[in-house]
Amino acid sequence: FFETHDASLRQTSGYAVAMRMLLFLIVAWTSAASCPAAPHVLNDTLHHLRVGNEREWLAFPAQAESDQLTLTFDADANAQPHALRLRLIDVRHRWKVALNGKPLGDLGRDENPMLAYFTVPVGGLRDGQNELTISSRSKQPDDIRVGHIALFDQPVDKVLHEAKVNVTVTADKEGAMPCRVTVVDELGALVPVGATSNDTLAVRTGFVYTADGKATFGLPAGRYTLYATRGFEYSLAEQAITVKAGDAINVKMQIKREVATPGYVACDTHVHTFTHSRHGDATMEERMITLAGEGIELPIATDHNIHIDYEKVARATRMRKYFTPVIGNEVTTAVGHFNIFPVEKGSRPPDWRVPKWETIFRNVYATPGVRVAIMNHPRNVHSKFQPMNAKNQLAVVGKNLNGWKLQANAMEIVNSAALQSDPMLVVHDWMALLNRGHRITPIGSSDSHEVAYKIVGQGRTYIKCDDSNPAKIDVKQAVDNLLTGKVRVSMGLLCSVSVDDKSEGKLVTIHNDSRLTLTVNGPRWVKADRLDLFANGVKIDSIEIKDQPIRNKDAQDSSLKYERFSGLKRF
């Protein structure tokens with residue numbers, strides 16, 4: 001608006017006044033529509049809460065503030081739904097959020113930093129003082145951080161749709177293909193988006209898996225960073241964006257293959273769905289999109305005590321061309337969990353209620369088609385039983401103290417959903433079994449039950465096998481090579497090793513003049529910093545990696561090559 005000094009112009013007619021008022025209303029409405037919902041900040045710090053007497057992770061302080069958070073604040077009673085936003089870090093078990101004694105919901109189970117929104121129903125707030133509480137629903141040990149709490153006077157759906165983002169991701173020469181888009185805020189926390197899972201999307205807080213490289217979702221006004229990738233074989237595209245209320249922006253991102261894996265199939269031997277395991281959250285349809293989005297070429301269906309075939313749903317979601325599904329089963333017993341495959345379609349699951357390994361393995365190998373039996377997460381406790389603890393196993397020499405014979409022919413040494421403070425603990429267990437003469441194949445897997453909480457394919461096994469057509473992988477060839485140890489275990493880096501030109505799956509005798517060659521492959525966004533070399537379970541060398549990886553642009557590969565003659569003789 002302006003003020004004129006021309007007296008004639010100040011003699012404004014009634015029509016002009018009306019038009020000016022109309023202009024004022026339009027400007028005021030436009031301004032309101034373009035402004036983000038201003039939150040009422042209730043708390044601007046993070047609080048460390050703990051259930052149990054012991055720290056969940058050593059990274060947490062020895063003492064927590066409390067086992068629950070109680071926050072009082074003043075507000076007006078709400079005649080329409082409001083949105084409550086919290087920042088969370090490292091939530092592993094169930095924590096409930098209640099307002100004035102009435103539950104709003106549970107914190108999302110995810111150990112990543114993330115934001116969570118809750119709907120405050122009409123009348124959930126009262127005039128004057130209100131009380132918000134966050135407390136655990138579980139007795140299991142859990143350390144969390146929670147805070148940065150804010151209240152919006154708009155419904156959650158409206159807050160999440162202040163702006164619209166259209167993302168298109170292409171994969172270099174491969175064009176549009178399944179991938180994952182990750183959305184974080186300025187502090188690196190995963191943020192909820194205004195979208196839901198459908199025929200082409202699998203959506204969770206901060207994660208949008210797309211079946212065709214395209215995704216549209218809403219966001220609150222603010223600054224964000226988008227990442228696009230497709231498992232660790234591909235590069236990581238990054239795009240910072242700023243959106244205002246009412247914006248509709250287009251974002252184009254491109255990724256490319258950086259880790260070449262010819263002749264090796266990316267396999268996840270431990271995959272679940274909520275549809276059949278009844279815990280976690282990934283539906284069958286979402287699981288197909290996430291498998292393709294993470295570049296898993298040989299997924300093993302391992303829902304608990306049931307044989308599941310992905311074939312029909314993989315075709316219905318048009319994801320079948322990206323992988324070859326295998327029927328399997330996680331035989332879930334009171335004395336351990338064992339993944340078995342391949343299973344002939346229509347076969348009856350083995351009895352999981354038997355109490356001894358001898359009977360369990362007899363039933364497993366009697367199941368039509370089964371050739372692989374994997375001991376899962378051997379250091380985890382299930383049904384109050386831990387296969388590799390001091391009561392059941394003399395781990396250092398690989399001896400079972402119950403007199404039970406382990407007839408599994410493979411063992412998880414990396415389970416990305418069951419990590420521990422000492423990640424080498426299970427590796428040493430495996431090495432001890434090898435020293436005892438038990439040829440048992442190492443396995444990497446994800447044990448994923450969810451779309452985003454535990455990412456499918458994060459831990460994975462590369463099996464030597466023709467991978468030229470992911471839709472037509474020779475399952476027999478893959479199983480043959482897995483059983484002879486022709487595998488590489490990965491959780492972000494891929495190592496190949498040879499001694500005197502003998503590679504994985506071979507037994508070698510080390511001489512003073514033996515030559516070891518090791519190549520570490522990884523994308524540009526992952527870096528190896530140390531190499532530890534073991535022989536017969538004993539660490540014989542440890543080398544800090546200072547040099548930058550070899551960049552082979554023609555092969556779209558990033559690798560570090562290590563060769564050594566001396567040093568091996570010390571063993």
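The questions below ask what stands behind the terms used for this predicted model.

User: What makes Asp90 count as buried?
Analyst: The relative accessible area of Asp90 is 11%. Buried means under 20%. Asp90 therefore counts as buried.

User: How do you know that His148 is partly exposed?
Analyst: His148 has a relative accessibility of 25%. Buried needs a value under 20%, and exposed one over 50%. The value for His148 lies in between, so partly exposed is the right class.

User: What makes the backbone of Asp90 and of His148 worth a look?
Analyst: Most residues other than glycine have a negative phi. Asp90 is not a glycine, yet its phi is positive, about 65°. Asp90 sits in the loop between β3 (82-89) and β4 (95-99). His148 also has a positive phi, near 50°, and is a residue other than glycine. His148 belongs to strand β8 (residues 142-152).

User: Why is the peptide bond from Phe341 to Pro342 called cis?
Analyst: Its omega is near -15°. Most peptide bonds are trans. Pro342 lies in the loop between β21 and α7.

User: Why are the buried residues of α7 said to line one face of the helix?
Analyst: In α7 (residues 357-366), the buried residues are Trp357, Ile360, Phe361 and Val364. Looking down the axis of α7, they fall within an arc of 90°, so they line one face. Glu358 and Ala366 are exposed on the other side of α7.

User: What covers the buried residues of α7?
Analyst: The cover includes strands β20 (329-333), β21 (336-341), β22 (372-375) and β24 (399-400).

User: Which residues have the most contacts inside the largest nonpolar core?
Analyst: They are Leu84 and Phe217, in a core of 81 residues. With neighbours within four places in sequence left aside, the contacts of Phe217 include Val165, Val183, Val193, Val208 and Leu226. Lys164 and Gly194 are also among the contacts of Phe217. Contact takes heavy atoms within 4.5 Å.

User: Where does Val364 of α7 belong among the cores?
Analyst: Val364 is part of another core, of 27 residues, which lies apart from the largest one. Ile327, Met388 and Val426 are also among its residues.

User: How many cavities of 30 Å³ or more are there?
Analyst: The count is two. The largest has a volume of about 50 Å³. The second largest holds about 40 Å³ of space.

User: What makes the lining of the largest cavity mostly polar or mostly nonpolar?
Analyst: Seven of its residues are polar, two are nonpolar and none is charged. The lining is therefore mostly polar. Phe and Pro count as nonpolar, and Gly as polar. Phe385, Pro387 and Gly336 are among the lining residues, as are Thr333, Asn376 and His377.

User: Which class makes up the lining of the second largest cavity?
Analyst: Nine residues there are nonpolar, with no polar and no charged ones. They are Cys267, Leu298, Ile300, Val326, Phe341, Ile463, Val475, Ala478 and Val479. Cys and Ala count as nonpolar, as do Leu, Ile, Val and Phe, so each of these residues fits the class.

User: Which element gives the largest share of that lining?
Analyst: Helix α9 does, with three residues. Both β18 (298-301) and α9 (475-483) supply at least two residues.

Terms used
Residues numbered from 1 in each chain as written. Predicted model: local features only at pLDDT ≥ 70, side-chain atom pairs only at ≥ 80, totals over all residues. Heavy atoms only, no water. Buried < 20%, exposed > 50% of the residue type's maximum accessible area, 1.4 Å probe, protein only. Helix = DSSP H or I, 4+ residues; strand = E, 2+ residues; numbered from the N terminus. Arc of directions from axis to C-beta. Core = buried A, V, L, I, M, F, W, Y, C linked by side-chain atoms within 4.5 Å. 1 Å grid on protein atoms, 1.4 Å probe; cavity = no way out; pocket = protein on both sides within 12 Å on 5 of 7 lines; lining within 4 Å. Points joined across faces, edges and corners; volume = space filled by probe spheres on them.
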